[in-house]
Amino acid sequence: MFGGLVRPMLATLARELPADEGSWAAEFKWDGLRAVAYVSGGALLLRSRLDRDITATYPDLAGVAGGAGRHRLILDGEIVASGPGGKPDFGALQRRMHVRRPSARLAAAVPVTYLVFDIMHIDGRDLLRVPYAQRRALLENLDLPGPDAGVPPSFPGGGQAVLAASREHGLEGVVLKQLDSLYLPGRRSPSWLKVKNERIADVVIGGWIPGHGARAAVLGSLLLGVQALAGLAYCGKAGTGFTDAALRDLTRGLHALEQPHSPFASPLPPADARHAHWVRPVLAGQVSYTEWTPAGRLRHPVWRGLQASQDLPA
């Protein structure tokens, strides 16, 4: 249909906004599933970030092609499902993500929208070498919004305001794109930056899972909990954020705290419990995370360290 597939361009994680804010446009970061849409002749093909055909998974997005009229397009965007308050809810979207052909009942219970934020091809014209600002102008002139799709706003020079608004409304963060940036398929580029809103949680270590490969001699991830009325409630595992020294020290200290049974009030998912080493739940630390899921799990927890008052056993 278009002579080849286009993989989505990826943003580089940054801790703060760029200094030359006027050279960048800010967009809200949507918590959903990245998808490239191929539209031609009233037909729609949806492909995931890794080129998997997901068209049949989202039949309720077929209207995106109708909204494009006679245009032949390749679009970049995010499939999102809304939760309480109307903001994107990845937990809700997960009910749809692995269902090859959803029932009408499921589609009605978890409706999805395709949020379009870039365009790579229009009516035979390749836009990959066209600067972002011009691509956005072409996209906004298409008049795509409808019940199945939307074009979220882009704010040139508005990074500070957009980041503040994302925090106020509980969104995941912002994406900053250089106004003159080209579209680099499948590449992670510093001309696109993502700044996530960091949230902090106090957690208790209840166990650990050994690492693999270069981390075979130390821990691979920590099994974490929070105190609840029924006892220590499992809230997920953290496998990133450690320095080499922290890995060595934690592994040594956790060996000294091992016990034969789980300290958690309820059984863990089998995949998490299978290789677990349980420990006495006496070490408290902090993690950063993006959100709490409806199942009571931390999403994307990153270890920040033990609390200042904590000492590892000798």
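**Buried charged residues and overall build of the model**

Leaving aside residues up to four places away in sequence, R34 touches P8, M9, L10, R47, S48, R49, D76, G77, E78, F117, Y183 and W192, where contact means heavy atoms within 4.5 Å. The structure is a predicted model, in which local features need pLDDT of at least 70 and side-chain atom pairs count only at pLDDT 80 or more, while totals for chains, interfaces and linings use all residues. Residues are numbered from 1 along each chain as its sequence is written, and side-chain values use heavy atoms, with hydrogens and water left out.

R34 is part of strand β3, which runs over residues 33–40; strands (E, at least two residues) and helices (H or I, at least four) are DSSP runs numbered from the N terminus. R34 counts as buried because its relative accessible area is 16%; buried means under 20%, exposed over 50% and partly exposed in between, with a 1.4 Å probe and protein chains only. Two partners of the R34 side chain were identified. The side chain of D76 makes a polar contact with the side chain of R34 at 2.7 Å. A polar contact is a pair of N or O atoms within 3.5 Å; within protein, one must be able to donate a hydrogen and the other to accept it, and residues adjacent in sequence count only if both atoms are side-chain atoms. In addition, a polar atom of the R34 side chain lies 2.7 Å from the backbone oxygen of M9. D76 and M9 are both among the residues that R34 touches. As for distances along the chain, P147 is 113 residues from R34, and the C-alpha atoms of R34 and P147 are separated by 19 Å.

Two further charged residues were examined, K29 and D31. K29 belongs to strand β2 (residues 24–29). With a relative accessibility of 16%, K29 is therefore classed as buried. The K29 side chain forms a polar contact of 3.3 Å with the side chain of E172. When residues up to four places away in sequence are not counted, the residues touched by K29 are E172, G173, V174, V175, K194 and K196.

D31 is located in the loop that joins β2 and β3. Its relative accessibility is 10%, so D31 also falls in the buried class. Between the side chains of D31 and R299 there is a polar contact of 2.6 Å. Outside the range of four places in sequence, D31 touches E78, V80, P88, F90, E172, E291 and R299. E172 thus appears in the contact lists of K29 and D31, and E78 in those of D31 and R34.

Other loop residues are less covered. V99 sits in the loop between α2 (90–97) and α3 (104–109). V99 is partly exposed because its relative accessibility is 26%. Not counting residues up to four places away in sequence, V99 touches T57 and L106. G239 is 140 residues from V99 along the chain, and the two C-alpha atoms are separated by 28 Å.

The backbone angle phi was also examined. Most residues other than glycine have a negative phi. D123, in contrast, has a positive phi near 50 degrees, and H300 has a positive phi of about 55 degrees. D123 is found in the loop between β6 (112–122) and β7 (125–126). H300 is placed in the loop between β18 (298–299) and β19. D123 counts as partly exposed because its relative accessible area is 42%; H300, with a value of 42%, is therefore also partly exposed.

Helix α6 covers residues 244–256, a total of 13 residues. From its first C-alpha to its last, α6 reaches 19 Å, close to the 18 Å expected at 1.5 Å times one less than the number of residues. The buried residues of this helix are L247, L250, T251, G253 and L254. Among the elements that cover them are β12 (199–210), β13 (219–228) and β19 (302–306).

For the protein as a whole, seven helices and 19 strands were assigned. The C-alpha trace spans about 70 × 50 × 40 Å along its principal axes. Of the 314 residues, 50% are buried. Among contacts with a separation of 6 or more, 68% join residues 24 or more positions apart.
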